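I opened this model to look up a handful of helices, side chains and cores, and I am writing down what I found as I went.

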Amino acid sequence: MLLYLNGAFVGLLILSNILAVKLFSIGEWLVLPAAVVVYVFTFPITDTIAEVYGKEAARQTVFAGFFTQCCALAFIYLAIHLPSAPFFGDQASFETIFSAGFRVTLASLISYFISQNLDVTIFHKLKDRHGESKLWLRNNASTMVSQLVDTTIFIAIAFYGTMPTAALVAMIFTQYAFKWLAAACDTPLVYLLVKLCRRSESSSVRVYG
C-alpha cells in the first residue's frame, strides 16, 4: 500500500502544479487556483503514511515529492526554450501558460517543503502525546496549521505583483477557508486509508510470516 500511496501523492502533486495556473471563482467573492481541488488530497495521504508507516516514511514521501517537483521545474524550463517547429504556431501561448507554471512550480516547491514537513512534525508530536487514539485530532490539527502556512507562502510567491494586495489577502483567506473545510471533511478518508493500509500490512505478515 505504501507504494500506491507514494504514487498517488506524487501524481496529485504534479497535477496540482499544472492546474495552479488557472484561477476560478465561485460567486463574486471566492477566487481559488484550480490546484486547490487536487492539492488538498495530498495531506490525508501523508497523514495516513505517518500514522501507519511512521515519521521517516512520511518524510521520505515529502522528499520524493520535492525531488519530482524539481524535475518538473527543470523540464518545464527546457520545454519552453526548445526551438519551435516551423509549423508550431502556439509558442507564445505555450510560453505564457508555462512561464506562469514555472513561477507557480517554484512557489509550490517552497510552500510545499515547509508545510508538508510541518504537517508531519505536528502530526507526530500529537501522536507521541495521544498514542493510537485521537487520529481525528492529529489529522485535523496538523493539516489545518500546515495548510495556513502553505496557502500564505504559495499565494504570496505565485501571484505577488500580478494583482492588488487586497486581492492577494482575499485569495489567501478564501483558499484557506476552502482547505479548512476540506480538512474537516477528509477525516473519514484518513480513517479508511489507515484501515486499508493496516489490513494490507497484516495480510503481508500472514503471507510472509
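**Entry 1, helix lengths.** Before judging any helix I noted that its expected span is 1.5 Å times one less than its number of residues. The model is a predicted one, which I keep in mind throughout. I applied the rule to α6, whose 25 residues should span 36 Å, and found its end C-alpha atoms 35 Å apart, which agrees. I then turned to α7, residues 165-185, where 21 residues reach 30 Å from the first C-alpha to the last, close to the 30 Å expected.

**Entry 2, the two sides of α7.** Which residues of α7 are buried? I listed Leu168, Met171, Ile172, Thr174, Gln175, Lys179, Ala182 and Ala183 as the buried residues of α7. Alanine 177 also lies in α7, but I found it partly exposed, because its relative accessible area is 38% and the partly exposed class runs between 20% and 50%. I checked how far alanine 177 sits from isoleucine 97, which is 80 residues away along the chain, and the C-alpha atoms are separated by 27 Å.

**Entry 3, serine 111.** I next went to helix α5, residues 91-130, which holds serine 111. Is serine 111 buried or exposed? With a relative accessible area of 2%, serine 111 is buried, because buried means under 20%. I then asked what its side chain reaches, and found the backbone oxygen of alanine 107 at 2.9 Å. A polar contact of 3.5 Å also joins the side chains of serine 111 and aspartate 150. Leaving aside neighbours within four places in sequence, I counted Asp150, Ile153 and Phe154 as the residues in contact with serine 111.

**Entry 4, serine 142 and lysine 125.** Serine 142 has its place in helix α6, residues 135-159, and at 0% relative accessibility I recorded it as buried. Its side chain reaches the backbone oxygen of arginine 138 at 2.6 Å. Not counting residues up to four places away in sequence, serine 142 touches Asp47, Asp119, Ile122 and Phe123. I compared this with lysine 125, which is found in helix α5 and is exposed, with a relative accessible area of 58%. Lysine 125 and serine 142 are 17 residues apart along the chain, and I read a separation of 9.5 Å between their C-alpha atoms.

**Entry 5, backbone around α6.** Where is lysine 134 placed? I found lysine 134 in the loop between α5 and α6, and I noted that it has a positive phi of about 60° although it is not a glycine. At 40% relative accessibility, lysine 134 counts as partly exposed. I also looked at what follows α6, and there glycine 161 has a positive phi, near 90°.

**Entry 6, nonpolar cores.** Which members of the largest nonpolar core touch the most other members? Of its 20 residues, I noted Leu5, Phe9, Ile49 and Tyr112 in that role. At least two residues of this core come from each of α1 (2-19), α3 (42-53), α4 (55-81), α5 and α8 (187-208). I followed leucine 5 in particular, and, not counting residues up to four places away in sequence, it touches Ile45, Thr48, Ile49, Tyr53, Leu193 and Cys197. Apart from the largest core lies another core, of eleven residues, among them Ala107, Ala158, Phe159 and Met171.

**Entry 7, cysteines.** How many disulfides does the whole structure hold? My search of the whole structure found zero disulfides. I checked two cysteines for exposure: cysteine 185 is exposed, with a relative accessible area of 53%, whereas cysteine 197, at 0% relative accessibility, counts as buried.

**Entry 8, the UniProt record.** I finished with the unreviewed UniProt entry, which lists residues 30-50 and 62-80 under "transmembrane region". I set these spans against the model: residues 30-50 are 62% helix and 19% strand, with the end C-alpha atoms 32 Å apart. Over residues 62-80 I found 100% helix and 0% strand, with the end C-alpha atoms 27 Å apart.

Notes:
Residues numbered from 1 in each chain as written. Predicted model: local features only at pLDDT ≥ 70, side-chain atom pairs only at ≥ 80, totals over all residues. Heavy atoms only, no water. Buried < 20%, exposed > 50% of the residue type's maximum accessible area, 1.4 Å probe, protein only. UniProt positions renumbered as here; feature names shortened; annotations may be inferred. Polar contact = N/O pair within 3.5 Å; in protein donor to acceptor, adjacent residues only side chain to side chain. Contact = heavy atoms within 4.5 Å. Disulfide = S-S within 2.5 Å. Core = buried A, V, L, I, M, F, W, Y, C linked by side-chain atoms within 4.5 Å.
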